[in-house]
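Please read what follows with the coordinates open beside you, taking each element in turn. The aim is to build up a picture of the fold step by step, from its strands to its helices and then to the ligand.

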Amino acid sequence: MSGCIFCKIIEGKVPANIVYEDEMVVAFWDANPASPIHILIVPRKHVPTLNDIPDGDAILGHIGDVAKKLARDLGVADTGYRFFINVNRGGGQVVFHLHAHLVSGRDMGTKFIKAAIFLAVGWRKLLKKLGSNG
Ligand code: AMP
Ligand code: ZN
C-alpha cells in the first residue's frame with residue numbers, strides 16, 4: 001500500500017536490516033529497539049491490524065513459526081523472549097501494517113533496581129558498622 005512504511009521496506013524502497021524473508025513474511029530489526037534483540041515479523045501482504053486477518057488464515061501460525069526459528073537462531077529460545085502483536089491505537093499500535101514483535105535481551109530496568117537495592121543495603125550495613133565501632 002502506498003504510504004505504508006513496512007510495504008516500502010518489503011518492496012526494498014526503504015532500507016531495513018532484514019534478518020529473514022520467505023514468500024509470506026519479512027523480518028527485520030526494529031529501528032528503535034526496546035531491548036538488545038527487537039525484531040519485527042511482517043506479512044508481505046498489507047493487512048492493517050490483527051482484526052483484519054480472517055479466521056483460520058495461515059499467516060499467524062507462520063509468523064509464530066518464524067519467531068521460534070529466529071529465537072533459536074539468536075540463542076534466546078531457552079533463556080526467553082516476548083512475542084506480541086499490538087492492535088490498534090489503544091493497544092499501542094503505531095504502524096498500521098500488521099507486525100509481530102520478537103523482543104529479548106538484557107533487562108536494564110531490573111538490573112538497575114537490583115544494583116540500587118544492593119548499594120543501599122550495603123551502605124546501611126557500613127554505616128551501622130561504623131556507628132557500632134565508634
Ligand atoms: P507498533 O507500536 O506495534 O506499531 O510498533 C511499530 C514498531 O515499528 C516500533 O517499534 C518502531 O520502532 C518500528 N519502526 C517504525 N519504523 C520503522 C522502520 N522504518 N524500520 C524498522 N522499524 C521501524
Ligand atoms: Zn503496508
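In this predicted model, I39 has L102 of strand 5 as its bridge partner. That pairing belongs to a longer run of contacts between two strands, for strand 3 (residues 37-43) and strand 5 are joined in the antiparallel sense over five bridges. Strand 5 also pairs with strand 4 (residues 82-84), again antiparallel, and here three bridges connect the two; within this second pairing, R82 has V103 of strand 5 as its bridge partner.

The side chains of strand 5 (residues 100-104) can be followed one by one: A100, L102 and S104 point to one face and are buried, while H101 and V103 point to the other face and are not buried. This is the pattern to expect, because side chains in a regular strand alternate between the two faces of the sheet.

What pattern does the chain follow when read along the sequence? The order is α-β-β-β-α-β-β-α, which comes to three helices and five strands. Of the 134 residues of the chain, 19% count as buried, and among contacts with a separation of 6 or more, 54% are between residues 24 or more positions apart.

Helix 2 (residues 59-73) deserves a longer look. Its 15 residues reach 21 Å from the first C-alpha to the last, close to the 21 Å expected at 1.5 Å a residue. Within helix 2, the residues I63, V66, A67, L70 and A71 are buried. Seen down the helix axis, these buried residues of helix 2 fall within an arc of 135 degrees, and therefore they line one face of the helix. The spacing fits a general rule, since an α-helix has 3.6 residues a turn, so that residues three or four places apart point the same way. On the other side of helix 2, G61 and R72 are exposed. As for what the buried residues of helix 2 pack against, the list runs through strand 1 (18-21), strand 2 (25-29), strand 3, strand 4 and strand 5. After helix 2 comes G75, whose phi is positive, near 80 degrees.

Another positive phi is found at N88, a residue other than glycine, where the value is near 65 degrees. N88 lies in the loop between strand 4 and strand 5. Is N88 buried or exposed? With 12 C-beta neighbours inside 10 Å, N88 counts as exposed, because a residue is classed this way when 12 or fewer such neighbours are found.

I10 gives the opposite case. This residue is in helix 1 (residues 5-10), and with 22 C-beta neighbours inside 10 Å, I10 counts as buried. Leaving aside residues up to four places away in sequence, I10 touches V26, V42 and R44. The C-alpha atoms of I10 and F28 are separated by 9.8 Å, although the two residues are 18 residues apart along the chain.

Finally, turn to the ligand. Which residues surround ligand 1? The shell is made up of I5, V14, A16, D30, A31, N32, L40, N86, G92, Q93, V94 and V95. By chemical character, the shell around ligand 1 divides into seven nonpolar residues, four polar and one charged.

How values were computed. Residues are numbered from 1 along each chain as its sequence is written. Chains are lettered from A and ligands numbered from 1 in the order in which they are written. This is a predicted model: local features need pLDDT of at least 70, side-chain atom pairs count only at pLDDT 80 or more; totals for chains, interfaces and linings use all residues. A residue is near a molecule or strand if its C-beta atom, placed from the backbone, lies within 6 Å of it. Ala, Val, Leu, Ile, Met, Phe, Trp, Tyr, Cys and Pro count as nonpolar, Asp, Glu, Lys and Arg as charged, and the others, Gly among them, as polar. A residue is buried if 20 or more other C-beta atoms lie within 10 Å of its own, exposed if 12 or fewer, and partly exposed in between; C-beta atoms are placed from the backbone. Helices (H or I, at least four residues) and strands (E, at least two) are DSSP runs, numbered from the N terminus. Two strands pair if DSSP finds at least two bridges between them. Two residues are in contact if their C-beta atoms, placed from the backbone, lie within 7 Å. The expected span of a helix is 1.5 Å times one less than its number of residues. The arc is that of the directions from the helix axis to the C-beta atoms.
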